[in-house]
Amino acid sequence: MREALSRKHHRQQALVRLVRQQRLSTQEELVRALKTAGYPATQATVSRDIVELGLLKVARDGAHVYAPPSVVSQGGGTDRLRRFSEDYPVEAAVAANMVVLRSSPGTANALGAALDASGLSEILGTLAGDDTVFVATSTERHARSLLTRLTAFGIARREKGA
């Protein structure tokens, strides 16, 4: 298990380096570039990596190419969160001083990174799994306030008992 996680980490680091250095505009180009760099990967693997790393398509030299989120202007930090919730369904609920967010499998890391970059004052920190993100706040009141703010980004309020 540890070896698989290490391979994944190295592959994802290579992917970030590649999109910084080259103009790669399709997932097939990403797969070929990774293979050339010595990291065999499938389109499905690259697709998951794109989500987990938060790679975005940006206009560069007249083409739309993949780029790491760090090269995209943060626009107050909430643009990334808004884009994520437009692309993936997200539900949220309050649990004591935490907000629990559920999204599609394999997207929690990208959602957590978007929340971390958002600059929302209630957030003390995030912990992401595969499809769930726990967002810690200092009080239940702050958690409820955060949930209200998140609905403005298109995140659905999860009903009790659902």
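1. Strands β3 and β7 pair in the parallel sense over two bridges, and within this pairing E91 of β3 stands opposite A156 in β7. Helices (H or I, at least four residues) and strands (E, at least two) are taken here as DSSP runs, numbered from the N terminus, and two strands are said to pair if DSSP finds at least two bridges between them. The model is a predicted one, in which local features need pLDDT of at least 70 and side-chain atom pairs count only at pLDDT 80 or more, while totals for chains, interfaces and linings use all residues. Residues are numbered from 1 along each chain as its sequence is written, and side-chain values use heavy atoms, with hydrogens and water left out.

2. The pairing of β3 and β7 belongs to an open sheet of five strands, whose order is β5-β6-β4-β3-β7 and whose pairing is mixed. At the edges stand β5 and β7 (156–157), each with a single partner strand, so one side of each is left without a neighbour in the sheet.

3. Working inward from the β7 edge, β3 and β4 pair in the antiparallel sense over five bridges, with E91 opposite R102 in β4. The hairpin of β3 and β4 has two residues between the strands, and there A96 takes a positive phi near 55°. A96 lies in the loop between β3 (91–95) and β4, and it is a residue other than glycine; most residues other than glycine have a negative phi.

4. On the other side of the sheet order, β4 and β6 pair in the antiparallel sense over five bridges, and the bridge partner of L101 in β6 is V133. Strand β5 (residues 125–128) is joined to β6 (residues 132–136) by four bridges, and these two strands run antiparallel. G125 stands opposite A136 in β6, and the hairpin that joins β5 to β6 passes through three residues.

5. A further antiparallel pair is formed by β1 and β2 (residues 63–67), over five bridges, and the bridge partner of V58 in β2 is V65. These strands form a hairpin with two residues between them, and D61 in the turn has a positive phi of about 55°.

6. The largest nonpolar core (a set of buried Ala, Val, Leu, Ile, Met, Phe, Trp, Tyr and Cys residues joined through side-chain atoms within 4.5 Å) has 22 residues, of which L81, V99, L101, L111, L115, V135 and L150 touch the most other members. The elements that give two or more residues to this core are α4, β4 (98–102), α5, β6 and α6 (140–151), and α5 gives the most, with five residues. Apart from this core lies another, of 14 residues, among them A14, L24, V31 and L55.

7. In α5, residues A108, A110, L111, G112, A114, L115 and S118 are buried, where buried means under 20% relative accessible area, exposed over 50% and partly exposed in between (1.4 Å probe, protein chains only). What covers the buried residues of α5 includes α3, α4, β4, β5, β6 and α6. L111 touches L81, F84, V90, L101, S103 and V133, not counting residues up to four places away in sequence, where contact means heavy atoms within 4.5 Å. Just after α5, G119 takes a positive phi of about 75°.

8. L18, in helix α1 (residues 2–21), is buried, with a relative accessible area of 9%. Leaving aside its neighbours within four places in sequence, L18 is in contact with L24, A33, L34 and A37. L18 and A37 are 19 residues apart in sequence and 8.9 Å apart in space, C-alpha to C-alpha.

9. The largest pocket has a volume of about 290 Å³. On a 1 Å grid over the protein atoms alone, a pocket is an open set of points where a 1.4 Å probe fits, with protein on both sides within 12 Å along at least five of seven lines, and lining residues have an atom within 4 Å of a point; grid points are joined across faces, edges and corners, and a volume is the space filled by probe spheres set on the points. The pocket is lined by 14 residues, of which G54, L55, L56, D87 and Y88 lie nearest its centre. The elements that give two or more residues to the lining are α3 (43–53), β1 (56–60), α4 (79–87) and α5 (108–118), and α4 gives the most, with four residues.
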